[in-house]
Amino acid sequence: MRITHNSTTPKQCYQIAYRLASSSPNTFTTVEVGATVRQFTATELAPESAYIFRLSAKTRQGWGEPLEATVITTEKRERPAPPRELLVPQAEVTARSLRLQWVPGSDGASPIRYFTVQVRELPGGEWHTYSSSISHEATACAVERLRPFTSYKLRLKATNDIGDSDFSAETDAVTTLQDVPGEPPSSVSVTPHTTSSVLIQWRPPRDESLNGLLQGYRIYYRELESEASSATASKTLKTPSALRAELTAQSSFKTVNSSSTLTTYELTHLKKYRRYEVVLTAYNIIGESPASAPVEVFVGEAAPAMAPQNVQVTPLTASQLEVTWEPPPPESQNGNIQGYKVYYWEADGQNETEKLKVLFLPETVLKLKNLTGHTPYRVSISAFNAAGDGPRSDPRQGRTHQAAPGTPSFLAFSEITSTTLNVSWGEPVAANGVLQGYRVVYEPLAPVQGVSKVVTVDVKGNRQRWLKVRDLTKGVTYFFRVQARTIAYGPELQANVTAGPAEGSPGSPRDVSVSKSASELTLQWTEGSAGRTPTTGYVIEARPSDEGLWDMFAKDIPRSATSYTVSLDKLRQGVTYEFRVVAVNQAGYGEPSSPSTAVSAQVETPFYGEWWFLLVMALSSLIVLLLVVFALVLHGQNKRYKNCGTGKNISNVEETVTLDNGGFAALELNSRHLNVKNTFSKKNGTRSPPRPSPGGLHYSDEDICNKYNSAVLTESTNLKEKSVDASESEGTDSESEDTPPQHSFVNHYMSDPTYYNSWKRRAPGGRAPHRYEAVAGGEAGPHLHTVVTTQSAVFAPAGPGARTPLTGFSSFV
């Protein structure tokens, strides 16, 4: 068994005494050790037994009071169980303390040395150790230094020689009682409001100092004596609490019941031309807070009760605003207006930019100068008299005019090659208006080949603040200037830059070649000499034939690449391009390679996509289609014609026409109408009505056999033309069908339905099975001549006595 102890007081020696707890109280074994010994080991103790140990110290004054502890000799010891049944009796709760009670748990076969109490403030506080030195014999503890009207939870743990127990279960929430507020109202101000009243304003005490529920405020005020007597009296009132006590006993008393949101009160019915002293307290159900510092006020003259009226803000220039207003209403001025205070600030930040102008004359106009251009300002005005300042008017806004902008915030260069670079700049800090654009001017510092070219570029709008420059000369230093513009141009920002290649950059790549396929271009190259640092990548520049200037075509190409492929769709069709490769390292862009051979970006279309091939295929398809249609039409015509007929004696669909005596069928043309001067006989011998012109033919039912392509076919007949002098006569039946037809012209009329029935036929000699007669209106001739119209063919006489063909017709044999 080992015993240790700590001590800081000089000792001469220590005495350790121990015995079995079950033995006689006088049977201690005693051992003395030197003053420097801090531990003792007891041996030959009985196992599983309880021993009582005492430790005493001896000084020059004698032996001190011994400390006693119980020890159990066992190897089955463990940490103690946590305390249980924690309780805080409500009767033991005050505004700043409480009493915690508990029941100890098992000691784990090792005596409990002490308890530890932790406290947590609700709702979101953390656990804090209140005490870790509570006696092992204690079953209750007083917890103090708490805040009034605050909720807490508590927990407890025990400690023995083995270690700490777990924390006990938390107690229920316990709320301390209320206490008087710890602080008075702050920022107390008392200002004359009228000639017989004052306005009192303050801020509530801090929440943590209320110590309960705030019920309201109490205002104490008293009339002060004359200057001579008040000076003596003030020496006796050294503290606000003493002043409150005297005010309570000797002066008027006002109580204001309110919530904590009330921070203004008007104290009325005061005497004119008197001085008053005012203090405030806050109170809850427990009592009042300390009193605030006293504030004096003179009653009789009051500050204006209302603000100036009809405030107007008018812009004059980019840096000036004119403010005009009218005085407060006369009944609210409370005396003579001595002047005005004009408060103004930028609309976006009152706390940072507010300024004050004071007019000590009752004028109602003021010019605000040295303002920022094109900036909104807010203006508020108050009037003042001998008693103080009146309230401020509602803010009115005005904006200064535009002005020239400030200098651009920065000017920078990037991607600097031997002929190109990117220049960028920043928006001015002071825009002073709506930015309309920028002007960039650059020129070489020294003439290039005797020429000093100055280039000016105007960039519209404020969104683009960069420019690509592509007409630089290698190694030449250029002077750049940029300025912003609103209603006018602002000051310039200047910088110099030298065109590449940069010092320490890589050498030019070698063996640049370009190859073209049907849809893409491939550029190949070989790495050139290294620069000061290793090459980090490549860029490709291109020069189209329609521009003539090099420009960056592709960048961020990996260092390991030796080729680059681009689709022809990304190039402009019909334009020829040259390419060159530039190596890049940390120093910058290096020397460009020699240009590649020029190559066209035209996409090569396969022959089957060419227009002439497509046209040939279309025409071929159209011809084949027409041939098929023509064959089908012929086949259909022959088939239908064979099936057309009404008489049993018809055996051949091909009809023939025989002309008697060499005569000719004649067509007479009258004023656009083709009139066939024929007469027709029906089977019963009666005469059919005359035929009209082809454009308006009408047929009887017996004339119609069948329809073919909307054309009406008559019965198979032979037409016999009579002599010219026989104008009209009826024909007779004829049985002859042996004579073959001399001319067959049925197919000439297949496309015109008017001609199918405009000619009735019969065989010569009266042998035709059908009784038709035709009367010719023209002279007979020895030769036949055919007349073709746009839709059909008609036979007409030719020769000296024949009719001449009509205009619009063509003749054929």
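Student: What average pLDDT does the protein chain have?

Tutor: The model is predicted, and pLDDT expresses the predictor's confidence in each residue. Here the protein chain averages a pLDDT of 76, and 72% of the residues score at least 70.

Student: Over which residues does pLDDT stay under 50?

Tutor: One such stretch is residues 228–238, for which the model has 6 contacts beyond four places in sequence. Another is residues 645–813, where pLDDT also stays under 50 and the model has 322 contacts beyond four places in sequence.

Student: How many helices and strands does the protein chain have?

Tutor: The secondary structure comprises 4 helices and 53 strands. As to contacts in the protein chain with a separation of 6 or more, 68% of them join residues 24 or more positions apart.

Student: What is the strand order in the open sheet of 4 strands?

Tutor: In general, strands of a sheet pair through backbone hydrogen bonds, in either a parallel or an antiparallel sense. In this open sheet the order is β11-β10-β13-β14, and the pairing is antiparallel. The edges are formed by β11 (127–135) and β14 (174–175), each of which pairs on one side only.

Student: How many bridges join strand β10 and strand β13?

Tutor: Strand β10 (residues 112–121) pairs with strand β13 (residues 151–160) over 9 bridges, in the antiparallel sense. To fix the register by eye, one may take Tyr114, which stands opposite Thr159 in β13.

Student: What fraction of the residues in the protein chain is buried?

Tutor: A residue is called buried when its relative accessible area is under 20%. Of the 813 residues in the protein chain, 41% are buried. The chain exposes about 44400 Å², of which carbon and sulfur atoms supply 50%.

Student: Is Cys141 buried or exposed?

Tutor: Cys141 has a relative accessible area of 10% and is therefore buried. Cys13 has a value of 13%, so Cys13 is buried as well. As for disulfides, which require a pair of cysteine sulfur atoms within 2.5 Å, the count comes to 0.

Student: Where is Thr375 found?

Tutor: Thr375 lies in the loop between β26 (365–368) and β27 (376–385). A loop residue is to be judged by its own accessibility: Thr375 has a relative accessible area of 12% and is therefore buried.

Student: Which residues are in contact with Thr375, leaving aside its neighbours within four places in sequence?

Tutor: Those residues are Glu346, Gly398, Arg399 and Thr400. In addition, the side chain of Thr375 reaches the backbone oxygen of Gly373 at 2.9 Å.

Conventions:
Residues numbered from 1 in each chain as written. Predicted model: local features only at pLDDT ≥ 70, side-chain atom pairs only at ≥ 80, totals over all residues. Heavy atoms only, no water. Pairing = 2+ DSSP bridges. Helix = DSSP H or I, 4+ residues; strand = E, 2+ residues; numbered from the N terminus. Buried < 20%, exposed > 50% of the residue type's maximum accessible area, 1.4 Å probe, protein only. Contact = heavy atoms within 4.5 Å. Areas by Shrake-Rupley, 256 points an atom, 1.4 Å probe, with all protein chains shown as cover. pLDDT = per-residue confidence, 0-100. Polar contact = N/O pair within 3.5 Å; in protein donor to acceptor, adjacent residues only side chain to side chain.
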